[in-house]
Amino acid sequence: MPAGGADVALSIPAAVLELMDRLRANGQQAYVVGGSLRDRLLDRTPIDWDLTTDARPERLLELFPQARYENAFGTVQVDLVEITTFRSDHEYADFRRPHHVEFGDRVELDLARRDFTVNAMAWGGAPGEPSHLVDPFGGRRDTERRLLRAVGDPSTRFGEDALRMLRAARLAAVLEFTVEPATRAALASSAHLAGHLSGERIVAELGKLLDAPRPSIGLRILADAGLLAAIAPPLDAQRGVAQNKIPGEDLWDHVVRSVDATAAAGRRRTVRWAALVHDIGKPVTAADGHFYGHDVVGAELAGDLLRGWHAPRETIDEVTHLVRQHMFAYDDAWSDGAVRRFIAKVRPERLDDLFALREADSLGSGIPADAGALTTLRNRVAAELAANVALDLRGLSIDGDDLIRELGLAPGPAIGRVLHALLERVMNEPDINRPATLLALARELAATMSDSAATSTGRPAPGRSREAG
Ligand code: ATP
Ligand code: MG
């Protein structure tokens, strides 16, 4: 780990050092602060760079004409760096009075408002001073010990802002830290406050947590502290539900293992979300060791949870679809038509995610990733996709206009019915997907349909009894 002085400077981008020099040459203090400094001390690449200074926003705008005001809290954006004026927060226990921010002149006060000791260090100085580490809360030592410790009294800090508790779980997972015991105890005693958090903030923190190399670290913290029960009761309900998968492990253990498997495989966030909620339908469908229909119920519950949090629309669509489809049961008796219908139902662009989810589900059940002949199914799917077979109406060699023109059908729902019937046939026999063949078939189908439509008006339909059932 770099030491407090020159080594830190070496690891800070020149553009950031230049901004600091510029501030100090103009009589202002300047420090790298927060997550970016923490990440550098851990030899990680920071997502962004944060500076803090005694310069007020107006002064910053004078010094940096290219700067943009970010918000009313004194954050100014210069290129990719956020510069925040030293501030202290005043929060009120009754939650009613407005959150109030005061600018300050000392970096120590700014550090005291920050959440965890590892996030409450600064590196820099006043004009003319050599750059140095300001570490009033022992953040450096906690960084070395990989400990997450609240600044000040943990219960007070979580009471001021319940999001800090989710940040604890998220940071523990992302940084692979443990939560220091007093901070951990306060997570448990203040967990209920997380019930007041907005869905958007929950989704943002859980999303970052899921991006961690081992999300289980954070998920376990959430569950064990009672935070999961506060923010997501249907997920918490999975704890203690018996499963005969890995001996001694329950449904929640299975879910957590599955999520870790998606992370170990480097899957995208959507697949990690899907792994987190894939069995959310099990607690309510559990009966005699079975969970009939948990995919259908689970897709609904997952949708309710994510919609309630105002998750992005695309995330909701993709995740609920994956949950709905995750119980496919392949065997070698599947016809080629069955493989094509599977592709059509899952949709080609979502197959990779579904297979990734199944791999994680299997690993989370203590069986090999490719259990259930998954590799065979994958190969068969790949072969079908390579053959460019029709999977939806757009893949047919004729369309509704052809039916109107060639068969004289009237525009209306009958056209759709004929096309769907053709698609059914083509999925079983791709070779018939030629205009002449399909038009001939369509002619027959249209005749049958008008006959059966006629049946409902009382006229007998020839041959209908033979085909019934
Ligand atoms: P990352 O940027 O890697 O997601 P971070 O710790 O930098 O993690 P940010 O949201 O960028 O998180 O916040 C920057 C800094 O602001 C933090 O390091 C911390 O010092 C402080 N901070 C952020 N959120 C809070 C909060 N809810 N309460 C107190 N301090 C906070
Ligand atoms: Mg940050």
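Colleague: Which side chain has an N or O atom 2.7 Å from a nitrogen atom of ligand 1?

Modeller: Keep in mind that this is a predicted model. A polar contact is a pair of N or O atoms within 3.5 Å. The pair at 2.7 Å joins a nitrogen atom of ligand 1 to the side chain of Arg-164.

Colleague: How far is an oxygen atom of ligand 1 from an N or O atom in the side chain of Lys-208?

Modeller: Oxygen atoms of ligand 1 also have partners in the protein. For one of them the partner is a backbone N or O atom of Gly-35, at 3.0 Å. For the side chain of Lys-208, the distance from an N or O atom to an oxygen atom of ligand 1 is 3.4 Å.

Colleague: What share of the area of ligand 1 does the protein bury?

Modeller: Start from ligand 1 taken alone, which exposes 580 Å². The part of this area that the protein buries is 80%.

Colleague: Which element gives the most residues to the shell around ligand 1?

Modeller: Ligand 1 sits in the largest pocket. Two elements give two or more residues to the shell around the ligand: helix H3 (35-41) and helix H8 (163-175). The largest contribution, 3 residues, comes from H8.

Colleague: How many charged residues does the shell around ligand 1 have?

Modeller: In total, 13 residues surround ligand 1, with Arg-38, Asp-161 and Arg-170 among the closest. By class, 1 is nonpolar and 3 are polar. The charged residues number 9.

Colleague: Is the chain compact or spread out, judged by its radius of gyration?

Modeller: The chain has 25 helices and 11 strands. For 469 residues the globule rule gives 23 Å, and the radius of gyration is well over that at 30 Å, so compared with a compact globule the chain is more spread out.

Conventions
Residues are numbered from 1 along each chain as its sequence is written. Chains are lettered from A and ligands numbered from 1 in the order in which they are written. This is a predicted model: local features need pLDDT of at least 70, side-chain atom pairs count only at pLDDT 80 or more; totals for chains, interfaces and linings use all residues. Side-chain values use heavy atoms; hydrogens and water are left out. A residue is near a molecule or strand if one of its heavy atoms lies within 4 Å of it. A polar contact is a pair of N or O atoms within 3.5 Å; within protein, one must be able to donate a hydrogen and the other to accept it, and residues adjacent in sequence count only if both atoms are side-chain atoms. Accessible areas come from the Shrake-Rupley method with a 1.4 Å probe; for residues, only the protein chains shown count as cover. On a 1 Å grid over the protein atoms alone, a cavity is a set of points where a 1.4 Å probe fits but cannot get out, and a pocket is an open set with protein on both sides within 12 Å along at least five of seven lines; lining residues have an atom within 4 Å of a point. A molecule sits in a cavity or pocket if more than half of its atoms lie within 2 Å of its grid points. Helices (H or I, at least four residues) and strands (E, at least two) are DSSP runs, numbered from the N terminus. Ala, Val, Leu, Ile, Met, Phe, Trp, Tyr, Cys and Pro count as nonpolar, Asp, Glu, Lys and Arg as charged, and the others, Gly among them, as polar. The radius of gyration is taken over C-alpha atoms; the globule rule is 2.2 Å times the number of residues to the power 0.38.
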